[in-house]
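Colleague: Could you walk me through the model when you have a moment? I'd like to start with how some of the pieces touch.

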Amino acid sequence: MDTFTRNTTETILESISDGVFTVDHEWKIMSFNHGAEKITGISRKEAIGKHCWNVFRSNMCQNECALKKTMQEGRSFFSSFTYIINCKKKRIPTTVFTSLLKDENGNIIGGVETFRDHSLVEELRKKLNGSFQMGDMISQAQSMRSIFKILPQISQSDSTVLIMGETGTGKELMAKAIHDLSPRKDAPFVAINCSALPDTLLESELFGYKAGAFTHATKDKPGQLSMANEGTVLLDEIGDTSPSFQVKLLRVLEEQAVLPLGAVKKEQINIRIIAATNKNLSQMVDANIFRQDLFYRINVVQLKLPLLKQRMEDIPLLVDHFIAALNKIQGKFVRGLSKTALEILMAHDYPGNIRELENIIEHAFVLCSKGEITPDHLPSSLTRQVMMEIEDSTSRFPLKAAEIKVIRAYLSKNNYDRNATARDLGIHKSTLFRKIDRLGIKLPKIDGRSKKK
Ligand SMILES: Nc1ncnc2c1ncn2[C@@H]1O[C@H](COP(=O)(O)OP(=O)(O)OP(=O)(O)O)[C@@H](O)[C@H]1O
């Protein structure tokens, strides 16, 4: 290389914001540009001559070092996401590109790695996710965000709340969020599953008992309602309680006092009640299996949680959320879902709602310790079922299947931005909407553009 070319290359390397460094065959750093100094916070003087893993301390160093792969296999690699630890011990999210370093005669003299700092992108992503978060609940679906909007006001009041929703839609999480946002947040939050216990046990559990109240009652035991004093009580599955228990509960709610079994005097309590159910209580009232007076008493503020299949746009967000939480707990570095794995998750119906999705990701985590979750990591029953549905429609309606495939691919490529997808496909957007509807393509309700707002 002549002096002019060398100087030009050095000037370019020094002026770019990406970090670039080279290593020799012994993994010792030979050059370290200004971008690398900025991202790592380590000076060139300090870095040169050191083993690269001592400078970067990346999660990639121990497992799947891209530079090592390049040197072993003689080709370039692009790693979509990894972390390095900077001089202040802060994790910096980066993408990495590696290739071989050759001399003028084409002899391999080491490797070169280029890395880009994604801290800002990560920060913005977190902020965006934050705006879709209320307590531990995540959602970008309009139906849920309307609830998030009114939740602070609901939390400030002491009114009884009735949360309705199918199993696994997040009723308990919602109740906890209301408690955490309320002035009662420092007092206990107690969740009681009313369907799990027969009447007498439920009564002694909720109201407590006095010594001698029954054969094994050797000493006084306070009930959960008294123990939650000043706090919030979630009465889960309230629709499963018996009419006789409902009478007692109504009295407690109206008087804010409990009478423990075997006691002669009522104990005053101060609790906020949140009731939850997956049943249609007003239908049960009509059928005389749920007391109307109790229904009116608990149905002061009503929140209805949608099914997961009615908010499919939440799936990628929830998946990211569960992966981030599991990475933290288990010290793993799972990056996310592969495109096909996400497509499989998007094609499922989720009768178990968010709990089912959470369990699927947990299952995948057992099998995947790093990199991306692929269809192989998903429960085989799920993959089989989705594949069968796809194959079934492919064999019976090959044209329809082909159309679905193309539209799905273009939507996915355009990050679900339907306008851009229609443009790419050369059709009007209303034609695309009609096709999505007719073909029964299950996709996020909002598109890529609305997500950015
Ligand atoms: N919006 C959400 N964001 C993140 N996690 C959620 C959300 N909704 C529910 N989950 C998770 O899904 C699981 C089920 O939620 P939860 O127990 O609150 O549902 P539920 O409606 O009370 O279920 P069940 O009726 O069966 O008791 C929990 O692990 C919860 O953390």
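Modeller: Leu151, Pro152, Ile154 and Ser155 in helix α8 meet Ala177, Ile178 and Leu181 in α9, where contact means that C-beta atoms, placed from the backbone, lie within 7 Å. Helices are DSSP runs (H or I, at least four residues) and strands are too (E, at least two), numbered from the N terminus. This is a predicted model, so local features need pLDDT of at least 70 and side-chain atom pairs count only at pLDDT 80 or more, while totals for chains, interfaces and linings use all residues. Residues are numbered from 1 along each chain as its sequence is written.

Colleague: What classes do the residues of the contact of α8 with α9 divide into?

Modeller: They are six nonpolar, one polar and no charged; Ala, Val, Leu, Ile, Met, Phe, Trp, Tyr, Cys and Pro count as nonpolar, Asp, Glu, Lys and Arg as charged, and the others, Gly among them, as polar.

Colleague: OK, and at what angle do α8 and α9 cross?

Modeller: Their axes, which are lines fitted to C-alpha atoms over the stretch in contact, cross at roughly 60 degrees and come within 8 Å. That makes α8 oblique to α9, since angles (0 to 180 degrees between N-to-C directions) under 35 count as roughly parallel, over 145 as roughly antiparallel, 65 to 115 as roughly perpendicular and the rest as oblique.

Colleague: How about α15 and α17, what is their angle?

Modeller: The axes of α15 (residues 314–330) and α17 (residues 353–367) cross at roughly 45 degrees and come within 10 Å, and therefore these helices are oblique to each other. Among the residues making the contact are Phe322 of α15 and Phe365 of α17.

Colleague: Switching topic, which residues are closest to the ligand?

Modeller: Met137, Thr167, Gly170, Lys171 and Glu172 are the closest of the 18 that surround the ligand, each with a C-beta atom, placed from the backbone, within 6 Å of it. That shell has five nonpolar, eight polar and five charged residues.

Colleague: Where does the ligand lie relative to the domains?

Modeller: Domain 2 (128–306) and domain 3 (311–452) both give residues to the shell, so the ligand lies between them; the bounds come from an automatic or database domain assignment.

Definitions and conventions. Contact = placed C-beta atoms within 7 Å.
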